[in-house]
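Q: Here's a model I'd like to understand better from the inside. Please skip the grand tour and take a close look at one part, the buried interior, with the cut-offs spelled out as you go.

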Amino acid sequence: MSSSPSPTARVGRLAVLAVGLCWLAVLFDGLDMSIYGSVLPHMLAQKALGLTPDQAGDLGSYATFGMLVGALTAGTVADRIGRKKLMVACVALFSLASGLCAMAGSVGVFGLGRTLAGIGLGGLLPTAISMVSDYAPRGRAALTIGMLMTAHHAGGILSAYVALWIVEPLGWRAAFWFCVLPLLFVPVLAKFLPESLSFLVAKGRSEEAGELARRYEVALPAAPADEQATAGRWNSLVSLFRGGEWSQTLLYWPASFGGLLLVYGVATWLPTLMRGEGYNLGSALTFVVLFNLGGIVGMLVAGRASDRFGAPRISAIWFALTAAGVFLLSVHMPLVLTFAVVFLTGVFLNSAQTMIYATVSIRSRPENRATAVGWTSGMGRFGAVFGPWLGGQLLAADKGDWGFTAFALAGLSSMVFIGIAALRGSKRTAGSDSEQKLVGAH
């Protein structure tokens with residue numbers, strides 16, 4: 001009898017490599033994205049660079065504006081040049097941009113660094129999501145994406161400890177120097193990360209795909225039947241509006257807008273708003289840790305539930321629970337109860353948005369998956385730009401409590417849009433089931 005590995009084991013070996021490397025890249029993404037919010041209370045207290053609360057909100061929006069640019073362009077670029085090359089470039093860009101922030105002598109230079117970092121951060125996430133979707137085990141696409149996104153929250157937790165252990169003794173610049181360290185990961189990613197087999201086949205790079213498949217002893221995916229899938233520069237984007245797809249696309253985009261307004265508004269201002277509620281800096285950073293721990297738990301729970309009940313349905317429920325949790329944070333409660341609310345809000349908030357990405361990724365064809373996820377993320381980045389700015393304006397006007405209410409309303413709006421998408425999708429249950437099986441075959 002042959003002792004060669006089973007097909008499942010062979011696929012698993014390649015999947016573990018691809019998902020593992022993407023997980024580390026997203027960990028650094030989460031660290032870089034969260035570090036500003038974690039060190040912001042210290043920067044405001046020390047009046048670093050002459051920073052005021054309304055300027056601080058603007059700076060938070062600079063990064064998310066960069067993410068908007070990165071997300072909108074990266075999906076199309078990745079579907080043309082390859083997901084591996086783009087991921088390597090994105091990690092290098094946001095690492096170098098953190099160095100610029102560390103050296104900044106003015107708010108303008110610091111803002112430029114955060115904008116450039118945002119471009120790299122915005123490009124990495126949808127590309128990584130589309131990459132792991134290609135290698136997800138059959139029927140486990142949403143769970144695999146959820147596992148990937150735990151890295152983003154692990155990075156958020158790491159940012160809180162960087163602020164606690166490095167900023168106090170060494171200053172805020174040391175935190176951004178720490179965020180340059182992922183540059184050392186770039187050669188590892190370039191050498192070991194496999195390119196998407198589906199991308200290679202879709203682009204007609206059969207020899208390269210065959211070599212990769214032989215190395216890991218896996219079968220090549222079938223070439224796309226639709227020849228238009230590989231034709232035309234804008235074809236991947238146009239395909240999001242063909243047939244009946246336009247209505248779903250126009251539901252996903254505003255749902256993502258509200259979700260990312262909520263995610264980045266809370267991520268940027270949570271420590272500062274909680275200090276405004278009377279908690280000390282140590283407690284405020286504990287909220288960041290609990291919020292991100294909740295995010296890790298939520299990703300795993302939501303991913304498993306979405307694979308069973310449907311990602312849009314779970315996302316809608318999660319947004320409703322998020323809105324309730326965020327609103328409760330405006331109420332001053334005993335510390336232990338506040339900790340519990342922050343944790344549960346983290347469970348639902350972060351995974352609600354990720355399940356929008358999972359829905360889009362699962363229902364997209366391999367050859368334009370990065371474009372679909374990238375544009376959904378990119379449209380949401382308008383909300384990500386608006387959220388930190390809104391928090392800064394409310395704080396500058398001494399209306400910090402209204403920040404929680406505004407963020408809760410954003411969650412309710414996303415619940416409505418993704419809920420409608422869930423209801424429309426229920427009419428195509430058979431088609432959705434076949435799409436989820438197709439993802440598992442990549």
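A: What follows is a walk through the interior, from the overall packing to single residues and ring pairs.

Some housekeeping before that: this is a predicted model, so local features need pLDDT of at least 70 and side-chain atom pairs count only at pLDDT 80 or more, while totals for chains, interfaces and linings use all residues. Numbering starts from 1 along each chain as its sequence is written, and side-chain values use heavy atoms, with hydrogens and water left out.

The fold has 17 helices and 0 strands; helices here are DSSP runs of H or I with at least four residues, strands are E runs of at least two, and both are numbered from the N terminus. Of the 442 residues, 60% count as buried, where buried means under 20% relative accessible area, exposed means over 50%, and partly exposed is in between (1.4 Å probe, protein chains only). Contacts are heavy atoms within 4.5 Å, and among those with a separation of 6 or more, 83% join residues 24 or more positions apart.

Now for the inside proper. A nonpolar core is a set of buried Ala, Val, Leu, Ile, Met, Phe, Trp, Tyr and Cys residues joined through side-chain atoms within 4.5 Å. The largest one holds 97 residues, and C22, M87, L189 and I418 have the most contacts inside it. Helix α14 (residues 335-362) gives the most to this core, with 12 residues. A second, separate core of 26 residues includes I35, A56, V167 and F176. Back among the well-connected residues, L189 touches L21, K84, M87, V88 and V91, leaving out residues up to four places away in sequence. C22 is buried at 0% relative accessible area.

F176 also turns up beside a polar residue. S98 sits in helix α3 (residues 83-103) and counts as buried because its relative accessibility is 0%. Its neighbours, beyond four places in sequence, are D32, F176, C179 and V180. The side chains of S98 and D32 make a polar contact at 2.5 Å; that term means a pair of N or O atoms within 3.5 Å, where, within protein, one must be able to donate a hydrogen and the other to accept it, and residues adjacent in sequence count only if both atoms are side-chain atoms.

The cysteines don't pair up: there are 0 disulfides, a disulfide being two cysteine sulfur atoms within 2.5 Å. For C101, the closest cysteine sulfur is in C179 at 9.0 Å, so it is too far for a bond.

Finally, the rings. Phe, Tyr and Trp rings (the six-membered one for Trp) pair if their centres lie within 6.5 Å; planes under 30 degrees apart are stacked, over 60 edge-to-face, and the rest tilted. That gives 7 aromatic pairs. W172 and F176 have centres 6.1 Å apart and planes at 80°, so they are edge-to-face. They lie 4 residues apart in helix α6 (residues 172-178), about one helical turn, and W172 and F176 are both buried. W318 and F348 are edge-to-face too, with centres 5.3 Å apart and planes at 85°. This pair links distant parts of the chain, 30 residues apart, with W318 in helix α13 (residues 311-328) and F348 in helix α14. Ring pairs also link Y36, F110, W172 and F176 into a cluster.
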